[in-house]
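Please look over the structure shown here before reading the report. The text takes up the chains, their contact and a pair of packed helices.

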Amino acid sequence: MDFSLSKEHQLLQQMLRSFAETEVKPLAQEVDEEERVPFETVEKMKRYGILGIPFPKQYGGQGGDTLAYILAIEELSKVCATTSVILAAHTSLCSNPIYEFGTEEQKQKYLVPLAKGEKIGAFGLTEPGAGTDAAGQQTKAVLEGDHYVLNGSKIFITNAGFADVFIIIAMTDKSKGTRGISAFIVEKDFPGFSVGKHEKKMGIKGSSTCELIMENCIVPKENLLGQEGKGYSIAMKTLDSGRIGIAAQALGIGEGALQETIGYVRERKQFNRRISQFQNTQFELASMKADLDAAQLLVYRAAWAKDNGQPYGHLAAIAKLFAADTASDVTRRCLQLYGGYGYTRDYPIERMMRDAKITEIYEGTSEVQKMVIASHLKVK
Amino acid sequence: MSKDVFVVMEQRDGEIQKVGIELLGQASKLAQDLGEKVVAVLFGYQIKAQAQKCIAYGADKVLVVDDKELEEYLTEPYALALTQIIREEEPEIVLYGASSIGRDLAPRVSARIRTGLTADCTGLAIDPETKLLQMTRPAFGGNIMATILCKNHRPQMATVRPGVMKALEKDESRTGEIVEKTIDFSQDTHGVKIRKVAKEEKKTVDITEAKVLVSGGRGIGSAAFFQELGKLAEVLGGEVASSRACVDAGWIDKSRQVGQTGKTVRPDLYLACGISGAIQHVAGMEGSDFIIAINKNDTAPIFDVADVGVVGDVKAIVPKLTEAIKKVKEEKAAK
Amino acid sequence: MKIVVCIKQVPDTTEVKLDPVTNTLIRDGVPSIINPDDKAGIETALQLKETLNDGSTVTVVSMGPFQADVALREALAMGADEAYLISDRAFGGSDTLATSTIIAAGLKKIGFDLVITGRQAIDGDTAQVGPQIAEHLGIPQVSYAEEVHIEADGTVVVKRQFEDRYHILEMKTPCLITALSELAKPRYMSVAGCFDAYREKEVKMLTYEDLKDLLDPSQIGLKGSPTNVYKSFTKQAKGAGTIYKDLSTDDAVAAILAKLDERHFI
């Protein structure tokens, strides 16, 4: 058993760390306060290949793997969770299903520009009535000659406001239940497709989270992803893999908070001592560090399993459940160490606490993760 | 047998630069300790008239190479001339200003004659027993000081930071020898040509690059007072910075902000004017080499990190300080 | 054109702190980085290569212990074509003159048209090795380069920065330039570059054995170094500052003035 990163992963981590510190961190507060997408960062991520990490070079990618992608999410999340969710939705939820389930033509047409970062991707599964109960899809797709006609709406879709390519899950045959669900590749300019309401959120405020509306939306037949009726399975597998990314995001937020807090307690004086000298501070930090390291091992293990062709769905669920819980817990405890200053927006800690919460909710709530884990335990 | 302390004078536009004059002052002390002479090496075009000035500032002898080739600094003609002089005269010590010119020329010459060179010295002394030159310089980003020796090679060479050594009082009555040298510049095969020389235009400000920062806080009272801070910064060769309070008040641009949500700076001198020193601000400037704080409130936390703290009215002190510095500088320049 | 960039791996001196109790440097956990001026040199070389677009190549060279391998990999991941590590116990203890002698021998072995070095390393701040390499190679140097471009006939044009002026200089290759960090803002490694740096590219070793025909053993290592460190010490730890209270404005001005003078700020 080897717990060290390979040399290339270490070099990549060094690159990502300095990119995050220098390019992403200075914008984090502004992006949060102004609730704006950091397009300048997206452009830079494109330049350095960050938008196509785990895909082969033949498809416009960087020839990396899941672990490399996870490292990117982790490092970016330490400084700005808005930035990392843009990358996560683009990579895990849009490019990845096309890579895993797409035809060669679909890969050439969509994966290549997505992996190169020329196009940005998003994923539409959630509906007003189908959140945790994803099988309750209301969006319909009907085949009419050489195209499908989609009708319905999706909500809470990350990257929706500016993405070019969407994976849309829709019901093709209601009578078959989850086996009647199909996946489609939809371009933003397809007739009948539009972006609706922009959500105002508690955290990851810079990310664009919107409603998608399909009114007689025309999708060419060749844009069916996988076979008809395989949509649910594609969506679930996509989420399995996406969860590793969100777990890494939670991990990164927690690690970023701890890092900031260590810096703060070394400076802050009360009772004529640096607060780092108080045992409560030291024990709090030590205990948080232990939790974060445990989360990191779980996240890396899930990525490793995926990269090595092993079943990873339950490992991803375990990683996300634990990392998300840790992120919320750690950011809250870090803020407490800051005291009143932590509650102000002069310091990043309150943002990190707001950002952490979402990791317990999206791409499967913590309760969903428990369902996945329980099902793996064959407890019914 | 090598002897004498040589100083490579620096001239620009036919004017001797201050650092050379400072070096003559230091060289006089070293020469005295060695019982040897101070020799100024003066390169330039139509520069002869400046030789007497070298003597007035402490040179016992001036070696002048007056040639069109030496009018504007270029590495190879200067290196050729200096190497020839060092070979002929065999000095014990050669000192250069650690200016752009000195730091370009000295290593080139040291490699040609294969002798040691210590860069950017802040202290020079003669060991009373060994008579070796002890060259002290900061290293490791200024975190440590190292004293360097060059035992077996001659000359012992050093570049010296401008502003560190003290010039002697100018003494017009001093006498010395002026010797003209000629150099065969046809040996220069480098073929480097100057296309253009231009005085530098002012570039955009990056406060993290500035050596001196004059920083204003809420205590300066108004945006207008930044003009006063600007004047002070100008006489100190620095830039204006600010605490967050002034940025939030719209008194100054965000690019000047020091601290947690601004920039982290480590200038040689940080002059905190009317800054209370909230932890967020201190985090961005405590790495500064020397901190002077002026604040009305004697319990302001800025005084905890300041090397020099003055409890007083910043609005009264700053303009007077600017004038006083100007005066001192003028007096120094006049010498 | 074969562009060779000399780089040094240095401790990030901005991360070095003094132990307030022992007054010694805390070096543990200080990251090693490519010297910033050298990194600007790499960026410049890559830009020149991209602009020339004529099959020109960028080679990076470093002298140092094995750990410097990672600095060279970083340069490869930024886009350099090949990398050499000059490393041998015989080279240990070299001062700037001996170091420049060894690197110059390495450059003779590797071949070059344009050599770029950083102006100075942040751990030593000597700014000597670049000009000394140029001297050993017998080629012209321009230090403090702030802009560089290469004209159609191969003339290298450099804007050189001095305190109060700049020069536009021209020269032919082979030649050497020392780069200011202002010369170019270095790019990051690319993701694919990080993988290629280990999978597709290699760091070639040059040892004393490889360079011995080009070196005089008396001019390298500790015994080939004219200068040596006699002693080193940390500056006095910062004590509590001096606080002046109840001074008149004029006295306060005088007090500050005296301190400024004492510290050579005026």
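What follows describes a predicted model, taking two of its chains in turn, then the contact between them, and then one pair of helices.

**The two chains**

Chain A holds 11 helices and 10 strands. Its radius of gyration is 21 Å, close to the 21 Å that the globule rule gives for 380 residues, so chain A is as compact as a globular protein of that length. For chain C, the secondary structure comes to 7 helices and 15 strands. The extents, burial and contact separation of both chains are set out below, where the share of long-separation contacts is the part, among contacts with a separation of 6 or more, that joins residues 24 or more positions apart.

| Chain | C-alpha extent along principal axes | Buried residues | Contacts 24 or more positions apart |
|---|---|---|---|
| A | about 80 × 45 × 40 Å | 54% of 380 residues | 74% of contacts with a separation of 6 or more |
| C | roughly 70 × 40 × 40 Å | 52% of 266 residues | 71% of contacts with a separation of 6 or more |

**Where chain A meets chain C**

Between these chains, 16 residues of chain A are in contact with 12 residues of chain C. Helix H1 of chain A, which runs over residues 7-34, supplies the largest share of the chain A side, namely 7 residues. Sorted by class, the residues that chain A brings to this contact are 8 nonpolar, 5 polar and 3 charged.

**A helix pair within chain C**

Two packed helices are described by the angle between their axes and the distance between the axes. In chain C, helix H2 (residues 69-78) packs against helix H5 (residues 191-199) at an angle of about 125°, and their axes are 7 Å apart. Why are H2(C) and H5(C) described as oblique to each other? An angle over 145 degrees would count as roughly antiparallel and one of 65 to 115 as roughly perpendicular; the angle of about 125° belongs to neither range, and H2(C) and H5(C) are therefore oblique to each other. The crossing in which H2(C) passes H5(C) is right-handed.

On the H2(C) side, the residues that take part are Arg73(C), Leu76(C), Ala77(C) and Met78(C), and they meet Gly193(C), Cys194(C), Ala197(C) and Tyr198(C) of H5(C). Taken by class, this contact of H2(C) with H5(C) has 6 nonpolar, 1 polar and 1 charged residues.

Technical notes: Residues are numbered from 1 along each chain as its sequence is written. Chains are lettered from A and ligands numbered from 1 in the order in which they are written. This is a predicted model: local features need pLDDT of at least 70, side-chain atom pairs count only at pLDDT 80 or more; totals for chains, interfaces and linings use all residues. Helices (H or I, at least four residues) and strands (E, at least two) are DSSP runs, numbered from the N terminus. The radius of gyration is taken over C-alpha atoms; the globule rule is 2.2 Å times the number of residues to the power 0.38. A residue is buried if 20 or more other C-beta atoms lie within 10 Å of its own, exposed if 12 or fewer, and partly exposed in between; C-beta atoms are placed from the backbone. Two residues are in contact if their C-beta atoms, placed from the backbone, lie within 7 Å. Axes are lines fitted to C-alpha atoms, for helices over the stretch in contact, and angles run from 0 to 180 degrees between N-to-C directions. Angles under 35 degrees count as roughly parallel, over 145 as roughly antiparallel, 65 to 115 as roughly perpendicular and the rest as oblique. A crossing is left-handed if the near helix is turned anticlockwise from the far one by less than a right angle, and right-handed if clockwise. Ala, Val, Leu, Ile, Met, Phe, Trp, Tyr, Cys and Pro count as nonpolar, Asp, Glu, Lys and Arg as charged, and the others, Gly among them, as polar.
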